[in-house]
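Here are some short exercises to work through with the model open beside you. Try each task before reading its solution.

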Amino acid sequence: MEYYYRFTNYEKMALCAFGCPDKEQTIDNLKLAALIAVQEETRAKLERLANRLKDVMVFTANYKHDFYLCVHEMEQGMIQEALDYQAATGDLENGWPWKNYGMAQLVNAFCNEDYYPTMNRLSILSSIAVMPAFGSILTAVMITVSSIYEEMPEEYESYLKRCREIVRRGELRKKKGKDKYRQYVWQTPSVMPEWK
């Protein structure tokens with residue numbers, strides 16, 4: 001359990017997204033996700049986490065405990081984030097204030113201008129996705145990407161650029177502090193097609 005607390009927040013999110021109670025399967029899932037990532041930074045982070053898990057001698061029972069602890073912590077964090085958002089804005093309709101930003105991050109990390117390989121990558125991700133919240137965001141991205149490409153293919157590249165710009169601005173806000181970053185995430189414009 002001591003090792004768990006050394007994970008960064010990004011690593012905990014990756015563990016929730018692609019991990020499972022089986023340590024070896026988690027390592028394989030992380031390596032697969034790293035292999036298909038189009039963004040170099042994402043690839044490097046996922047590979048680093050897979051290697052850390054592989055290099056550390058952790059008993060199966062300890063790993064399972066840490067995995068479930070991580071999932072519980074991330075789920076509680078999402079619930080708290082939703083409550084904080086609702087208290088700060090008075091918007092009781094939105095229980096997913098991070099969804100638009102999460103979709104933009106996913107597009108930024110795993111999508112590129114080649115539509116069919118992009119859909120293959122997203123399909124592979126859906127086969128190894130564990131956390132229900134991540135799965136729902138992934139499904140929304142798959143539906144959005146396919147809808148844009150099939151109905152208005154000329155808008156596909158501008159959609160990718162919009163998502164990349166959202167993430168780039170978010171990273172700049174993150175450097176300015178947690179509050180500025182959180183406000184930005186809450187106010188992220190919809191990444192669903194504007195023409196829908």
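**Exercise 1.** Work out what percentage of the chain's 196 residues count as buried.

*Solution.* Buried means under 20% relative accessible area, with a 1.4 Å probe and protein chains only. By that cut-off, 42% of the 196 residues are buried. A note on the source: this is a predicted model, where local features need pLDDT of at least 70, side-chain atom pairs count only at pLDDT 80 or more, and totals for chains, interfaces and linings use all residues. Residues are numbered from 1 along each chain as its sequence is written, and side-chain values use heavy atoms, leaving out hydrogens and water.

**Exercise 2.** Count the helices and strands, then judge how compact the chain is.

*Solution.* Start with DSSP runs, numbered from the N terminus: helices are H or I, at least four residues, and strands are E, at least two. The chain has nine helices and zero strands. Next, take the radius of gyration over C-alpha atoms and compare it with the globule rule, 2.2 Å times the number of residues to the power 0.38. The chain has 17 Å, close to the 16 Å from the rule for 196 residues, so it is as compact as a globular protein of that length.

**Exercise 3.** Describe how helix 2 and helix 6 pack.

*Solution.* First, helix 2 (residues 23–36) and helix 6 (residues 115–128) pack at about 165°, with axes 10 Å apart; axes are lines fitted to C-alpha atoms over the stretch in contact, and angles run from 0 to 180 degrees between N-to-C directions. That makes helix 2 roughly antiparallel to helix 6 (over 145 degrees). Finally, find the contacts, meaning heavy atoms within 4.5 Å: Asn 29, Leu 32, Ala 33 and Ile 36 in helix 2 meet Arg 121, Ile 124, Leu 125 and Ile 128 in helix 6.

Key:
Parallel < 35°, antiparallel > 145°, perpendicular 65-115°, else oblique. Buried < 20%, exposed > 50% of the residue type's maximum accessible area, 1.4 Å probe, protein only.
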